[in-house]
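Subject: The structure to look through

Hi,

Here is the structure I promised to pass on. Have a look at it first, and then read on for what turned up in it.

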Amino acid sequence: MDDFLSGEESAFYGIRREKIDLGRYEYRPKVRGAWRKKTGQKDMLIAEKFPDAEIHRLLCRQVLSKNEKILDNLIGFLTDAPFGIPDLIHSMKNLEKEFYLICQGEQQFFAVVGDEWIESRKLPQKISEREFQIGDLLFTDCGVLPK
C-alpha cells in the first residue's frame, strides 16, 4: 500500500495507473488559490473516469505508531516545537495527492490522483464506515462530489 500511495511504480495486482494532463480541465474556483484549482481539476478528472459512479472525496492522515507518538511528544517537550511534526511531514509528502472512494454498483474502487497520474484499485471488501484505515493511513469520507 505504501508503494500505491507514494506514486512509485508498483507490482500490486489490480492497480491501474495512467498518466494524466490536468491542463485539459478548465476549473475556475470561487475561492482564489492554486491549491483549490488543482483539487477542482482532479475532481473533474475523476468524475470523467467514473461518470456513473458515486464519488467520495477522502481526507487522509497518518496513524502514528506508539514510538512515533512518543518521539513527537518528546520533541515537543524538549524544543517547544509544536506537536504534530509527523503529521506535518506526512501532509507535505501527500500535498499533491487527492484521495477518492468510488462506488459503482456493487463495486468500490480506491483512487489516488496526483498532478501527473491517476491510480485506481478495486477494493476486495465494501467500505461503509465514514472512517477507515488502510495500512498506517486513516481516511475520512468528506462527502459525495456534486455531479
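Let me start in the sheet, where strand E2 (residues 54–62) and strand E7 (residues 137–144) run antiparallel to each other and are paired through six bridges. Please keep in mind as you read that this is a predicted model.

Two of the matched positions are easy to find on screen: His56 sits opposite Val144 in E7, and Cys60 has Phe139 of E7 as its bridge partner. E2 also pairs with E3, again in the antiparallel sense, and here there are five bridges. Which residue of E3 stands opposite His56? It is Leu101, so His56 has a partner in E3 as well as Val144 in E7. E7 has another neighbour too: strand E6 (residues 131–134) is joined to E7 by four bridges, with the two strands antiparallel. Glu131 is paired there with Thr140 of E7. E6 and E7 form a hairpin with two residues between the strands, and Gly135 in this hairpin has a positive phi near 60°.

In general, the side chains of a regular strand alternate between the two faces of the sheet.

Now for the chain as a whole. The protein chain has four helices and seven strands, and they follow one another in the order α-β-α-β-α-α-β-β-β-β-β. It has 147 residues, of which 38% count as buried. If you take the contacts between residues at least 6 apart in sequence, 61% of them join residues at least 24 apart. The chain exposes about 9,700 Å², and carbon and sulfur atoms supply 54% of that area.

Next, the aromatic rings. There are five aromatic pairs in the count. One of them is Phe132 with Phe139, a stacked pair whose centres are 5.5 Å apart and whose planes meet at 25°. Are these two residues buried or exposed? Both Phe132 and Phe139 are buried. Ring pairs also connect them with Phe99 and Phe110 in a cluster. Phe139 is worth clicking on, since you will meet it both in this cluster and as the bridge partner of Cys60.

The charged residues come next. Side chains of opposite charge can pair when their charged atoms come close. The structure holds seven salt bridges, and I would like to show you three of them.

- Arg17 and Glu119 form a salt bridge in which the closest N and O atoms are 2.6 Å apart. Arg17 belongs to strand E1 (residues 15–19) and Glu119 to strand E5 (residues 117–122), so this pair ties together parts that are 102 residues apart in sequence. Arg17 is partly exposed, at 30% relative accessible area, whereas Glu119 is buried, at 2%.
- Lys42 and Asp115 form another, with the closest N and O atoms 2.9 Å apart. Lys42 lies in helix H2 and Asp115 in the loop between strand E4 (107–113) and E5, so parts 73 residues apart in sequence are tied together. Asp115 counts as partly exposed, with 24% relative accessibility.
- Asp43 and Arg57 form a salt bridge with the closest N and O atoms 1.9 Å apart. Here helix H2, with Asp43, is tied to strand E2, with Arg57, across 14 residues of sequence. Asp43 is buried, at 11% relative accessibility.

Salt bridges with shared partners also join Arg16, Glu18 and Lys49 into one network.

Why does Lys42 count as buried, charged end and all? Its relative accessibility is 2%, and buried means under 20%. Lys42 lies in helix H2 (residues 34–49). Leaving aside neighbours within four places in sequence, Lys42 is in contact with Leu22, Glu96, Lys97, Glu98, Tyr100, Val113, Gly114 and Asp115. Asp115 in that list is its salt-bridge partner.

Finally, a look at the surface. Leu71, Leu74 and Leu78 make up a nonpolar patch there, and together they have about 320 Å² of accessible area. Leu74 lies in helix H3 (residues 66–79) and is partly exposed, at 44% relative accessible area. Leu95, in the loop between helix H4 (85–93) and strand E3 (98–104), counts as exposed, with a relative accessible area of 54%. How far apart are the C-alpha atoms of Leu95 and Gly114? They are separated by 9.0 Å, and the two residues are 19 apart along the chain.

Happy browsing, and best wishes!

Methods
Residues numbered from 1 in each chain as written. Predicted model: local features only at pLDDT ≥ 70, side-chain atom pairs only at ≥ 80, totals over all residues. Heavy atoms only, no water. Buried < 20%, exposed > 50% of the residue type's maximum accessible area, 1.4 Å probe, protein only. Contact = heavy atoms within 4.5 Å. Areas by Shrake-Rupley, 256 points an atom, 1.4 Å probe, with all protein chains shown as cover. Patch = residues over 30% accessible without salt bridge, like charges linked within 9 Å, V, L, I, M, F, W, Y side chains within 5 Å. Salt bridge = Lys/Arg side-chain N within 4 Å of Asp/Glu carboxyl O. Pairing = 2+ DSSP bridges. Phe/Tyr/Trp six-rings, centres within 6.5 Å; stacked < 30°, edge-to-face > 60°.
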